[in-house]
Amino acid sequence: MSTDNYNFRLLTLAREARGITQTDLAKSTNTDQGNLSKIEQGLIHPTEELITKYANELNFPESFFYQAENKTPISDFFYRKRVSLPAKDKIRLEAQIDLLRMIYEKLLKSVEIPLAKLPSSTLSKNFLSADAAILAREFYRVSRGPIKELVSLIEKNGIALIFIDVKSDKFDGMTVYTDSNYPLIILNKNMSNDRKRFTIAHELGHQILHLPYRFDIDLYERIATNANALEMEADAFASEFLLPSTECRVELYDLNYHKLSDLKLYWKVSKRALVYKAKTLGCIDERKYKNLMIELSRRGERTTESFDVELDEPKLFGQILRVYKTELNYSQKELSDYLCISETDLTRVTNLASSSKLKIAI
């Protein structure tokens with residue numbers, strides 16, 4: 001195979017996705033790290049023999065390294081708890097998510113889904129988060145009360161979700177876009193369902209409030225001066241989207257610990273979210289807020305609450321994979337060849353798409 005179309009950036013992506021350092025890859029392939037560094041920087045061209053060695057060690061087909069990678073880097077997006085992730089874990093996680101994005105981009109070449117339906121066209125970039133959430137509920141024709149099948153609502157409007165196995169609790173989720181502008185929400189499957197629901201709504205908030213303006217100079221100035229502001233705006237959107245103030249306010253007056261369980265079951269949000277919403281709306285004062293938070297801590301519910309809520313599972317990504325296998329008649333090998341990944345990785349991705357209960361990490 002001619003190396004003329006070799007894409008040097010994909011060697012770094014493959015290595016980082018496996019969690020392997022340059023030093024380790026050089027040692028395991030008995031190659032020179034200096035040359036490997038220059039190859040990853042595009043300063044020198046690798047031989048066919050080197051590409052074969054790296055591909056075998058990283059368990060990627062050689063074809064993987066001859067693709068055009070995504071044009072939009074992961075760094076142009078936002079995700080929850082990004083700053084507190086250790087650098088090594090962050091690098092590997094971003095590489096794995098980029099691989100999923102590349103796979104999703106390719107899958108959509110033969111399977112058509114509608115572009116994401118977002119109410120962004122009706123908003124300005126300075127729109128208040130709570131107002132945007134109210135308009136979003138109207139836009140998606142959400143009935144009064146809790147959103148029962150949140151995942152289904154998001155996916156039927158063209159936004160796919162995938163739950164991945166991230167051992168760290170420092171990552172909740174993020175949204176990425178393919179080069180064809182299809183969004184994909186990635187979530188940590190190990191979170192509680194109420195936290196997943198809030199994270200999904202948070203990511204929807206980013207898609208409506210921020211991502212349409214991600215190349216806007218004003219937005220980047222806001223990131224530079226106050227990075228937390230955008231996260232707070234997405235949180236405010238999520239709170240109003242899941243807990244509309246006009247509907248929940250009356251239930252949050254005279255809030256006490258014993259009311260929280262019933263309210264959590266009904267609204268499908270965490271007890272902490274309910275307490276914070278009550279304080280935000282002025283239904284309880286600062287003293288009552290602190291007392292309720294202390295009570296949650298005393299009962300061991302500040303981090304893990306006593307019971308979880310229901311959450312429907314993602315289906316869109318799995319449905320797209322099934323179209324390839326059942327309607328387009330791709331074999332496992334043909335599909336892995338097309339996606340430029342190993343059959344082992346294809347099995348892992350298929351399992352990710354078919355059940356959020358499986359403990360699978362790519």
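## What "buried" means here

A residue counts as buried when its relative accessible area is under 20%. Keep that cut-off in mind while looking at this predicted model, where helix α8 is mostly covered: 16 of its 17 residues are buried.

## The whole protein

Let's zoom out. The protein has 17 helices and three strands. Out of its 362 residues, 53% are buried. About 17500 Å² of the protein is exposed, and 50% of that comes from carbon and sulfur atoms.

What about contacts along the chain? Take the contacts in the protein with a separation of 6 or more: 72% of them involve residues 24 or more positions apart.

## Helix α8

Back to α8, which covers residues 193-209. How far apart are its end C-alpha atoms? They are 24 Å apart, and this agrees with the expected span because 17 residues at 1.5 Å a residue should also give 24 Å.

## Helix α15

You can run the check again on α15, residues 316-327. Its twelve residues should span 16 Å at 1.5 Å a residue, and the end C-alpha atoms are 16 Å apart, so the two values agree.

Which residues of α15 are buried? They are L316, F317, G318, I320, L321, V323 and Y324. An α-helix has 3.6 residues a turn, so residues three or four places apart point the same way. The buried residues of α15 pack against several elements: the helices α5 (87-107), α7 (150-155), α16 (332-339) and α17 (343-354), plus the strands β1 (160-164) and β3 (183-188). Just past the end of α15 sits N329, with a positive phi of about 60°.

Technical notes: Residues numbered from 1 in each chain as written. Predicted model: local features only at pLDDT ≥ 70, side-chain atom pairs only at ≥ 80, totals over all residues. Heavy atoms only, no water. Helix = DSSP H or I, 4+ residues; strand = E, 2+ residues; numbered from the N terminus. Buried < 20%, exposed > 50% of the residue type's maximum accessible area, 1.4 Å probe, protein only. Contact = heavy atoms within 4.5 Å. Areas by Shrake-Rupley, 256 points an atom, 1.4 Å probe, with all protein chains shown as cover. Expected span 1.5 Å × (residues − 1).
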